[in-house]
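Here are some exercises to work through with the model open beside you. Try each task before reading its solution.

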Amino acid sequence: MALVPSPQWLSAGDNAWQLAAATFVGLQSVPGLTVLYGGIVKKKWAINSAFMSIYAFASVLVVWVLFDYNMAFGPQWFPFLGAPSLGTGAAFTTAQAIVPEAASGMPPMAFPMATLMYFQFVFAAITVIILGGSVLGRMNFTAWMIFCPVWITLVYTVGAFSLWGGGWLASMGVADFSGGYVIHLAAGTSGFVAAALVGPRLQQDRDHFPPNSLLVTLVGAGILWLGWNGFNGGDPYFANADAGAAVLNTNTATAVALLVWTLMDKMAYGKPSVIGAVNGMIAGLVAITPAAGYVDGWGAIIIGVAAGIIPWASMNKLQKTKLMMKVDDTLSVFSTHGVAGLTGGLLVGILANPNMLLYIGTDKEAPGVNVTGWLHGNVGQLLLQAEGAAFIIVYNVIATYIILKVISLIVPLRMDEATLKVGDDAVHGETAYAIGTEGE
């Protein structure tokens, strides 16, 4: 009897890249955002902020395996949602991966369902962790524990199925290469709603919130930047030419956005700020995400410039207005993810180059799968991108509002004043730094 390691449909190279890409994306959350959050907040909130990230990662995986994966990528139940079902069986996880409602638009996948499930899980997990950046420094941890699995189940799956699972937005032709809408616009919108409903930090925390460790913050930021190679490089689902282009475009746009944001800070405040550079880096990563495999190098540079200017203006001008200041969005997720994701998503409609082939066609008539923007003669794509964004924004506002209102009937959304004054020690019985506390 001869043994073979895997079925004929499996490509070792594609499977290895998807698993590696998924691991890179997982690293963005744990430890990436975990230490970025832990370092960028005031000392008394370092443990709580980091723990929110780790908890979210774990809680999302459990519901993802049980029913959420099929709600996002399984057979259609509604035009905007797949049918919930278990993703645990041996036959299911080792079978050839397929997204049934989107399969006609791509070649057959060359890795097992388990690889696809894990790859898509790390995207889901980071979405709720990004959203958490809006409510750092005051959200009741018990409310967060309930919120994470519920939000992923009722909100994230709808955007994911609509755009990536072959749902109604995908069938209209709305393009989101790797999550500008599904992840970042959703997190920015829902995070802002959550910040409004949870309420603000203590006034003294809002007035004086120095990062407890900028170097730790930079470690998190660096893991985020390089982890993004898996984020955008993994989304063709094949280790193909477009995956390479997506990685290059991602890094180009990010570098440009960081430089432009730094220049904006220098012109506005006289000093280049390293936190500003981190925000510029994140805005660049986010803005290129919906476009990474659809634009050429010039497109990536233009998106980088836009990401250095538009989210900067949103964070430094719009979010400083009296009206916007009523909502305490701790890390300005509204600007760095919401506005940046919307900017990149709309720019797909302008800059997408039809020569950037996601998959190559074998027929003379059909070159393959691509997206064509306004610059290349298709004004309709910009309108589609705007419609897709509108749906994500409206659905996230309504659904997140309802979820948090219901949770508030069970537990308070915000910690009490006494806990807010103390921070980590009161919430977890732990502090980030033991220096100076021995023998007390």
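**Exercise 1: a pair with partial exposure**

Glutamate 417 is partly exposed, at 40% relative accessibility (buried means under 20% relative accessible area, exposed over 50%, partly exposed in between, with a 1.4 Å probe and protein chains only). Task: find which residue forms a salt bridge with glutamate 417.

Before the solution, two notes on the source. This is a predicted model, in which local features need pLDDT of at least 70 and side-chain atom pairs count only at pLDDT 80 or more, while totals for chains, interfaces and linings use all residues. Residues are numbered from 1 along each chain as its sequence is written, and side-chain values use heavy atoms, with hydrogens and water left out.

Step 1. Apply the rule: a salt bridge is a side-chain nitrogen of Lys or Arg within 4 Å of a carboxyl oxygen of Asp or Glu.
Step 2. The partner is arginine 414, with the closest N and O atoms 2.9 Å apart.
Step 3. Arginine 414 is also partly exposed, its relative accessible area being 22%.

**Exercise 2: the partners of aspartate 328**

Task: state whether aspartate 328 is buried or exposed, then trace its salt bridges to arginine 138 and arginine 201.

Step 1. Aspartate 328 is buried, at 3% relative accessibility.
Step 2. Its salt bridge with arginine 201 has an N to O distance of 2.8 Å. Aspartate 328 lies in the loop between helix 13 and helix 14, and arginine 201 in the loop between helix 7 (180–198) and helix 8 (203–207), so the pair ties together parts 127 residues apart in sequence. (Helices are DSSP runs of H or I, at least four residues, numbered from the N terminus.)
Step 3. In the salt bridge with arginine 138, the closest N and O atoms are 4.0 Å apart. Here the partners are 190 residues apart, with arginine 138 in the loop between helix 4 (113–132) and helix 5 (141–163).
Step 4. Arginine 138 is buried, with a relative accessible area of 0%, and arginine 201 is buried too.

**Exercise 3: the full count**

Task: how many salt bridges does the rule give?

Step 1. The count is 6 salt bridges.
Step 2. Look back at the partners from Exercise 2: shared partners join Arg138, Arg201, Arg206 and Asp328 into one network.

Conventions:
Helix = DSSP H or I, 4+ residues; strand = E, 2+ residues; numbered from the N terminus.
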